[in-house]
Number of protein chains: 2
Amino acid sequence: MRFETSTIKDIAKALGLSTSTVSRALRDRYEISDETKKVVLAYAEKVNYRANPIARSLKERRSYSIGIIVSEIANNFFSQVINGIESIAYARDYHVIIAQSHESHKQEKLNVEHLASRSIDGLLIALSSETQDIDYLRDLYGKGLPIVFFDRVPDNFETHKVIANNFKGSFDATEHLILSGKKVIAHLTSSETLSNTKERLEGYKAALAKYHIEFNPEIVKYCQHGGMHNIELEQAVKELLPLKPDGIFISSDRLTTGCIMALKKTNPEVAHKIAIAGFTNSNLVELFSPSLTSVKQPAFEIGQVATELLISMIEAKRPVTEFETRVLDTELVKMQKMLGNRFL
Amino acid sequence: MRFETSTIKDIAKALGLSTSTVSRALRDRYEISDETKKVVLAYAEKVNYRANPIARSLKERRSYSIGIIVSEIANNFFSQVINGIESIAYARDYHVIIAQSHESHKQEKLNVEHLASRSIDGLLIALSSETQDIDYLRDLYGKGLPIVFFDRVPDNFETHKVIANNFKGSFDATEHLILSGKKVIAHLTSSETLSNTKERLEGYKAALAKYHIEFNPEIVKYCQHGGMHNIELEQAVKELLPLKPDGIFISSDRLTTGCIMALKKTNPEVAHKIAIAGFTNSNLVELFSPSLTSVKQPAFEIGQVATELLISMIEAKRPVTEFETRVLDTELVKMQKMLGNRFL
DNA sequence: AAAAACTGTGCAATCGTTCCCAAAAACGTA
DNA sequence: TACGTTTTTGGGAACGATTGCACAGTTTTT
């Protein structure tokens, strides 16, 4: 079962020209006379000629495709980032190949290597929460694969990075909890090794410090798998509650929704007494109960900026040596007034 | 900035063999002596040889890639379907390229044609809610591109299709509303032209009929863009409320969440008085307020089955002429008891 | 009028694989 | 020994596109 299309050779034969002439005419090169160009273009149009991207890739040794690794596409933050990536990539005539790590380092590595063998021209990646060893990425990078990190970035890797202003986002959320009168504010977060975990922890600490609240490490819980497993969350909640928090600041999308879910499931009687502020890009927060204050990341923009940086690396004439880390501001969406809460 | 890897030619030169021999050894063809095979394999391993998939694609005239078109990946149903697709595709050594139609026919067509020109070996597609004209798909199909439809399928196109049991799912949901005492049950649904819109409407009607409730077309509202635009939903809600429904059956993921959102926004005072049952694969329903009864589609399985069917078409020796339509059962998840509703 | 420059086109190599066809090597049989 | 078989290997043409180089034919320069 094959796909029949006309090739440059067919056109050349039909028009009594050489393939080189046809190729050049199609690519609108200056050496070709207007007349020939017109004839070729018209004929190509007529037979609905499409250049075979595979042949071109082989010749030019690049595939016009960008690999994306996220932990999960069923995550509002990441799917919005992907939309941002696509918006730029398609406009520049790249296509994207998406793979999911499901927060597993092994899966991540497998996917990256699979993509690399598929000749992607560049890679956009948000590390899995498990990942600590990034030597395999360094390897590929060393071999010439441009890489741009976003959201979860390693600190010992020299390349472009795009992140949200995690410090400020966390500071704002924590401050909001403090200002609404909460005294014991817990912090639920991902793997300690992730860049944004660290930054968000700092923002949280800074807000506490500003209001002279002592930082209590006991009340900070880490989820190694970023909340991929419910048990992880339930465990964290179980450990947290005895410490009687009246507010929780949560540092990621999955953890935020997962934590509320765990709270409702395990301790419904206290769930509505605890104020929650967390990172999430869910567009359904307005429906949540208990409601929460959310820190929204500029996901779409993160995707766009990362893609622009990546394409600039791919298309750079000479190896890029100056790298930038772009930091984009988050937005604090405060809990809706009781209006929304009246239901049920 | 290039990516340097060793090729078959390099291996051949290093080992003093011909490229044909090396190629055969690597592909484990029978004509090769065990000894040579061993030497080649060992050396290939040593230099970490990876076949260039682009060159192979060119030669074999296929790309080992599958195109996917969905309206949006930021939709639980579709992201679960994609997970199902990936699980099969990767195991069979295909990779997937995902594109989004955003419920726009134009975008859908553009994407499909882009994918086709990228030499995908087959296409998995859920039509956009706008789509009526599928001649362009017929065209590609006629040229030899295998296509499998899922979720939203056209009825006048002979190929494999995979759908949920929309009739039964709708019947169950509607019956559930009736059995919980609702008298005036509205129906909010997508574009009239979509296959599943029709089937779901039939299920709704059948449940009403079973309980001798007269069907009232007035109380059925269609959203042409599947709820992509909020205004569409708010308009529908506005038209529905004067008819005093005490239950609403909603026929798609986006509409379900969108409708609750619109209700809360425009008429918070009645929102909690109306029982809602709707199709949704959101894993966050437990957090919703007002809570709702949901019809969950076997999204992951739909993806798996569709991919198996597609790959069987791709790899078929001769054109496939017998097609099947697989129908998978949905699951009704009833509204949680008031426990969950106590919050807020 | 000869030399130089410019136009427009074609030839052929190339990208990395695969595979048809033939050649060489190894073996068996008469 | 000579011949036919079988097994193993190599040569080289694809796949479809791009591009450096060469070569006509025309125009400009000296």
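Biologist: Which residues are the closest to DNA strand C?

Modeller: This is a predicted model, to start with. In it, 29 residues surround DNA strand C. The closest are Ser20(A), Thr21(A), Arg24(A), Thr36(A) and Arg61(A).

Biologist: What share of the strand C atoms within 4 Å of the protein is sugar and phosphate?

Modeller: Sugar and phosphate make up 63% of those atoms of DNA strand C.

Biologist: Okay, which polar contacts reach a phosphate oxygen of strand C?

Modeller: Here are two. A polar backbone atom of Ser33(A) is 3.2 Å from a phosphate oxygen of DNA strand C. For Thr36(A), an N or O atom of the side chain is 2.6 Å from a phosphate oxygen of that strand.

Biologist: And what touches a base oxygen there?

Modeller: Lys59(B) does. An N or O atom in its side chain is 2.9 Å from a base oxygen of DNA strand C.

Biologist: Which elements give two or more residues to that surface?

Modeller: From chain A, H2 and H4. From chain B, H1, H2 and H4. H4(B) gives the most, with four residues.

Biologist: How do the residues near strand C divide by type?

Modeller: Seven are nonpolar, ten are polar and twelve are charged.

Biologist: Now the other strand. Which residues come nearest to DNA strand D?

Modeller: There are 30 residues around DNA strand D. Ile8(A), Tyr49(A), Thr21(B), Thr36(B) and Arg61(B) come nearest. Of the strand D atoms within 4 Å of the protein, sugar and phosphate account for 63%.

Biologist: What does Ile8(A) do at the phosphate?

Modeller: A polar backbone atom of Ile8(A) sits 2.5 Å from a phosphate oxygen of DNA strand D.

Biologist: Which side chains reach the bases of strand D?

Modeller: Arg24(B) is one of them: an N or O atom in its side chain is 2.9 Å from a base oxygen of DNA strand D. Lys59(B) is another, with a side-chain N or O atom 3.5 Å from a base nitrogen of DNA strand D.

Biologist: Which elements supply two or more residues on this side?

Modeller: Chain A supplies helix H1 (8-15), helix H2 (19-26) and helix H4 (53-60). Chain B supplies helix H2 (19-26) and helix H4 (53-60). By type, the residues near DNA strand D are seven nonpolar, eleven polar and twelve charged.

Biologist: How do chains A and B relate?

Modeller: A rotation of 180°, with 0.0 Å of shift along its axis, superposes chain A on chain B with an RMSD of 0.1 Å. That is how a two-fold axis relates two copies. Both copies use the same surface, and 100% of the contact residues of chain A recur in chain B.

Biologist: Switching topic. What caps the N-terminal end of H1 in chain B?

Modeller: Thr7(B) caps helix H1 there. One of its side-chain oxygens lies 3.1 Å from the backbone nitrogen of Lys9(B).

Biologist: And what follows H1(B)?

Modeller: Gly16(B) follows, and its phi is positive, near 65°.

Biologist: What does UniProt place at residues 6-60 of chain A?

Modeller: The unreviewed UniProt entry has "domain: HTH lacI-type" there. Over those residues the chain is 67% helix and 0% strand. The end C-alpha atoms are 21 Å apart.

Biologist: Last one. Which domains does the assignment give for chain A?

Modeller: Domain 1 is 8-51, domain 2 is 63-163 + 299-328, and domain 3 is 166-296 + 332-342. The centres of domain 1 and domain 3 of chain A are 62 Å apart, taken over C-alpha atoms.

Conventions:
Residues are numbered from 1 along each chain as its sequence is written. Chains are lettered from A and ligands numbered from 1 in the order in which they are written. This is a predicted model: local features need pLDDT of at least 70, side-chain atom pairs count only at pLDDT 80 or more; totals for chains, interfaces and linings use all residues. Side-chain values use heavy atoms; hydrogens and water are left out. Domain bounds come from an automatic or database domain assignment. A residue is near a molecule or strand if one of its heavy atoms lies within 4 Å of it. A polar contact is a pair of N or O atoms within 3.5 Å; within protein, one must be able to donate a hydrogen and the other to accept it, and residues adjacent in sequence count only if both atoms are side-chain atoms. Ala, Val, Leu, Ile, Met, Phe, Trp, Tyr, Cys and Pro count as nonpolar, Asp, Glu, Lys and Arg as charged, and the others, Gly among them, as polar. UniProt positions are given in the numbering used here, feature names are shortened, and annotations may be inferred rather than shown by experiment. Copies are superposed by least squares on the C-alpha atoms of residues with pLDDT of at least 70 in both. Contact means heavy atoms within 4.5 Å.
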